[in-house]
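Please look over the charged pairs, the cysteines and the backbone of the chain shown here. The notes that follow are meant to be read with the structure open beside them.

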Amino acid sequence: MTSNMMQLFKNALSEFQNGYNSALALNWLRNNNQMADYGILSLHSELDESLNRLRQLGLPLHPDAPKNWDSLHALTSVASRCISMKATILDAGGEYYSSVLTALKKIGYLDLTAINLAFKQKEVRDGITYMEGDITNTTFDDQSVDYVICQSVLEHGVDLDKFFLEMRRVLKIGGRLFISTDYWHHPIETTGLAAFGSPVKVFDLNSIRQLVSTAQNHGIGTNVNVHALELKSDEKVVKWDQTGLQYTFVYIIMNA
């Protein structure tokens, strides 16, 4: 066998192995969806479990370790809800370093877009479209998106009324919105703190209930029982060195 033939064989084998591993990851995500409509990162061990699971599945990690917890939950929800690999999936407020769309690309999803005001030009990287966009006023057509992911964005000065109104507009009937945000069940003082050009906010139980109520006022998230919403953590798993704040994360999945 010539060196060229050997290299072609190695490349083909590598592609086969990558495809096989991606299929195994997708199968695991679709068959291990026991998620509630909302959840909280309550223990450091839960974060460790998420990191280990992503490594076992061969999926990319987020560079900010705690965000791998909600990333895994987002991936599991998308994979179980979006059976078609042509589903339109939007990362609202995503970054180039975000891992969710990269992971979805790896397991076979084809229509992936991230929007952020920080993106000054439209570009495609490894099959993912990145473009400038306001998550409260996007350029997507009415009812054109199957799933929206919004990780650690809403605490940065987003107008919630405008955001949920826009999400209701762009999501297809039966679509889903996955949000995660900074949280602690008791109020945390953030007066005078700012980041990314906006005041710092850590949601507490009352304000997260208000967030869900705001969404429901715009016809989204009616699957979440706001009166039964109880989110308490045993540990402050997340530490934001820039502000010195400690808290945790919550996620909520809202039906359109």
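What follows is a briefing on salt bridges, one buried lysine, cysteines and backbone angles.

The model is predicted, and every value below is computed from it. The count of salt bridges comes to six, while the count of disulfides comes to zero.

**Salt bridges**

- Lys 120 and Glu 132 meet through their side chains in a salt bridge, with a distance of 3.9 Å from N to O. Because Lys 120 lies in the loop between β3 (111-116) and β4 (123-125) and Glu 132 lies in strand β5, this pair ties together parts that are 12 residues apart in sequence.
- The two partners of that bridge fall into separate accessibility classes: Lys 120 is exposed, with a relative accessible area of 65%, whereas Glu 132 is partly exposed, with a relative accessible area of 44%.
- Lys 172 forms a salt bridge with Asp 146, and the closest N and O atoms of this pair are 3.3 Å apart. Lys 172 belongs to strand β7 (residues 171-183) and Asp 146 to strand β6, so the bridge ties together parts that are 26 residues apart in sequence.
- Lys 172 counts as partly exposed, its relative accessibility being 30%.
- The side chains of Arg 125 and Glu 123 also meet in a salt bridge, at 3.3 Å from N to O. Arg 125 counts as partly exposed at 38% relative accessibility, and Glu 123 likewise counts as partly exposed, at 23%.
- Asp 142, Glu 166 and Arg 169 are linked to one another in a network of salt bridges.

**A buried lysine without a salt bridge**

- Lys 67 has its place in helix α3, which covers residues 67-81.
- Although Lys 67 is buried, it has no salt bridge, and the nearest side chain of opposite charge, that of Asp 64, is 4.0 Å away.
- When residues up to four places away in sequence are not counted, Lys 67 touches His 62, Gln 151, Ser 152 and Phe 249. Ser 152, one of these contacts, is itself buried, with a relative accessible area of 8%.

**Cysteines**

- A disulfide is a covalent bond between the sulfur atoms of two cysteines.
- Why does Cys 82 have no bond to the closest cysteine sulfur? The sulfur of Cys 82 is 16 Å from that of Cys 150, which is too far for a bond, given that a disulfide is taken as a pair of cysteine sulfur atoms within 2.5 Å.
- Cys 150 is correspondingly in no disulfide, its nearest cysteine sulfur being that of Cys 82 at 16 Å.
- Cys 82 counts as buried, at 6% relative accessibility, and Cys 150 is buried with a relative accessible area of 0%.

**Positive phi outside glycine**

- Gln 143 has a phi near 45 degrees, which is a positive value in a residue other than glycine. Gln 143 is found in the loop between β5 (128-132) and β6 (145-151), and at 45% relative accessibility Gln 143 counts as partly exposed.
- Ser 152, already named as a contact of Lys 67, has a positive phi of about 50 degrees although it is not a glycine. Ser 152 lies in the loop between β6 and α5 (160-170).
- Is each of these two loop residues buried or exposed, or partly exposed? Gln 143 is partly exposed, whereas Ser 152 is buried.

Conventions:
Residues are numbered from 1 along each chain as its sequence is written. This is a predicted model: local features need pLDDT of at least 70, side-chain atom pairs count only at pLDDT 80 or more; totals for chains, interfaces and linings use all residues. Side-chain values use heavy atoms; hydrogens and water are left out. Helices (H or I, at least four residues) and strands (E, at least two) are DSSP runs, numbered from the N terminus. Buried means under 20% relative accessible area, exposed over 50%, partly exposed in between (1.4 Å probe, protein chains only). Lys and Arg count as positive and Asp and Glu as negative; His and the chain ends are not counted. Contact means heavy atoms within 4.5 Å.
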